[in-house]
Amino acid sequence: MILQRYILKELWVHFIFTFATVMGVSLLGTTFQVFRAFEGLGLTLILKIAPLAAGHVAPWALLVAAATAATLVYGRMSAENEVTAMRACGIGSFKILAPALLFGLALSTCGYVLAEHVTPWSRHTKRVWGRDAILEVLRMPPPGVQRFSIGAYRLSYLDFKDGKLDKPSLLRFDKEHLVMEYHAPRGQIQIEGSAVKIVMSRPRYTQFDPKSGQEHRFEAQSDIEVPLEIQDYKDPSQRPEDLPQEELWKLYRTAPDKKKRDYARLIMHSRYAQSAAPLLLVLICAPIGIWVRKGSRLAGLGAALPPLLLYFIAFFVTQSMGENGRMAPLVAAWLPDAILALPGAVFLWRSRR
């Protein structure tokens, strides 16, 4: 019991260190992204969005930290011949790996809480707060040179005085392709409810055809109203991925459209499957650590990367295929776990030998 408590303590210490590091880097990236999108907002939106972004990133950080901690702890124990000493004392492989099993079960429980409660709530709240912040900024744009990224639109201007935009520019993109570009000496933002439009005074505008590469230039002699078609901010209601499990079951039973039923089923089972992923990663990475026999954190992270990358690639590919109806919901949800479970069983069997 003393030995197992020692291993379990080491697992938690390394997990907390890695989890905090990954979360810190992720939040720093989120802060930079928000500052780039809304240069004139200051820290108000950052302080609101950062905790919500943490809830969204936490399940992925948990997977990285779980795999890294298991590889680090068992790799250091193997490098310092602690595993060899345990086996020489008659301690079996199951007792050596039992703390990893308990550690993985605890992380899977945390993963389910995150996937079922924290992440859906943070995703929806972040979208609502982002919508409110954008509407607030557009109602009273900050003075000076500003640039904003709003969905597929990029709005910039030199100054804001007396309710007017000085030399506004508006770009609209279709994915990565620029499709419309507006430039005007003056402009005004009009908001009615959640509908937003930019009134451009005598603008010059260009229409781009991404397929042919042709450009069509125009110049208006009057005002032109350009509506900002931003679906994310027009509809702040909960989406299926934001719903709790009970609501998803209700949607699955009552939705007349088979596509919606399959999507609800995919979300439900994906949450269960994601919850099992930390346990599977720990049970794979602990034997990897024993075989690698490296004690440094960099080596532990490097050894943990192959199963992590395997899971991430399988997850995003199967999720995309499940959402597009090219794969059954149950298969799309559980296939990444099955891909991890097979090598995990082989690794555990070889470690036992």
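Trp334 sits in helix α9, which spans residues 329–352. In this predicted model, the Trp334 side is not fully tucked away: the residue has a relative accessible area of 33%, so it counts as partly exposed, a class that runs from 20% to 50%. Trp334 also belongs to a nonpolar patch on the surface, which it makes together with Trp249, Tyr272 and Leu330. The patch comes to about 350 Å². Leu330, like Trp334, falls within the 329–352 stretch of α9.

Stepping back to the whole chain, the secondary structure adds up to nine helices and 11 strands. Of the 353 residues, 44% are buried. The chain exposes about 19,000 Å², and 60% of that is supplied by carbon and sulfur atoms. As for how the chain meets itself, contacts between residues at least 6 apart in sequence were sorted by separation, and 63% of them join residues at least 24 apart.

The inside of the protein holds a largest nonpolar core of 45 residues, in which Tyr74 and Phe103 touch the most other members. Quite a few helices chip in here: α1 (2–37), α2 (44–79), α3 (82–88), α4 (93–139), α7 (258–292), α8 (297–323) and α9 each supply at least two residues. The top contributor is α2, which gives 15 residues to this core. Tyr74 itself lies within the 44–79 range of α2. Leaving aside residues up to four places away in sequence, Tyr74 touches Ile7 and Leu11, then Ile96, Leu97, Pro99 and Ala100, and finally Ala286, Gly289 and Ile290. Put against the helix boundaries, Ile7 and Leu11 fall in α1, Ile96 to Ala100 in α4, and Ala286 to Ile290 in α7. A second core, separate from this one, has 25 residues, and among them are Val137, Tyr153, Leu170 and Ile189.

Two loop residues stand out for their backbone angles. Lys167 has a positive phi of about 50° despite not being a glycine. It is found in the loop that links β4 (164–166) to β5 (169–174). With a relative accessibility of 51%, Lys167 is classed as exposed, because the cut-off for that label is over 50%. Arg202 has a positive phi too, of about 45°, and is likewise not a glycine. Its place is the loop between β8 (195–201) and β9 (204–208).

Notes: Residues are numbered from 1 along each chain as its sequence is written. This is a predicted model: local features need pLDDT of at least 70, side-chain atom pairs count only at pLDDT 80 or more; totals for chains, interfaces and linings use all residues. Side-chain values use heavy atoms; hydrogens and water are left out. Patches are made of residues with over 30% relative accessible area and no salt bridge: like charges are joined within 9 Å, nonpolar side chains (Val, Leu, Ile, Met, Phe, Trp, Tyr) within 5 Å. Accessible areas come from the Shrake-Rupley method with a 1.4 Å probe; for residues, only the protein chains shown count as cover. A salt bridge is a side-chain nitrogen of Lys or Arg within 4 Å of a carboxyl oxygen of Asp or Glu. Helices (H or I, at least four residues) and strands (E, at least two) are DSSP runs, numbered from the N terminus. Buried means under 20% relative accessible area, exposed over 50%, partly exposed in between (1.4 Å probe, protein chains only). Contact means heavy atoms within 4.5 Å. A nonpolar core is a set of buried Ala, Val, Leu, Ile, Met, Phe, Trp, Tyr and Cys residues joined through side-chain atoms within 4.5 Å.
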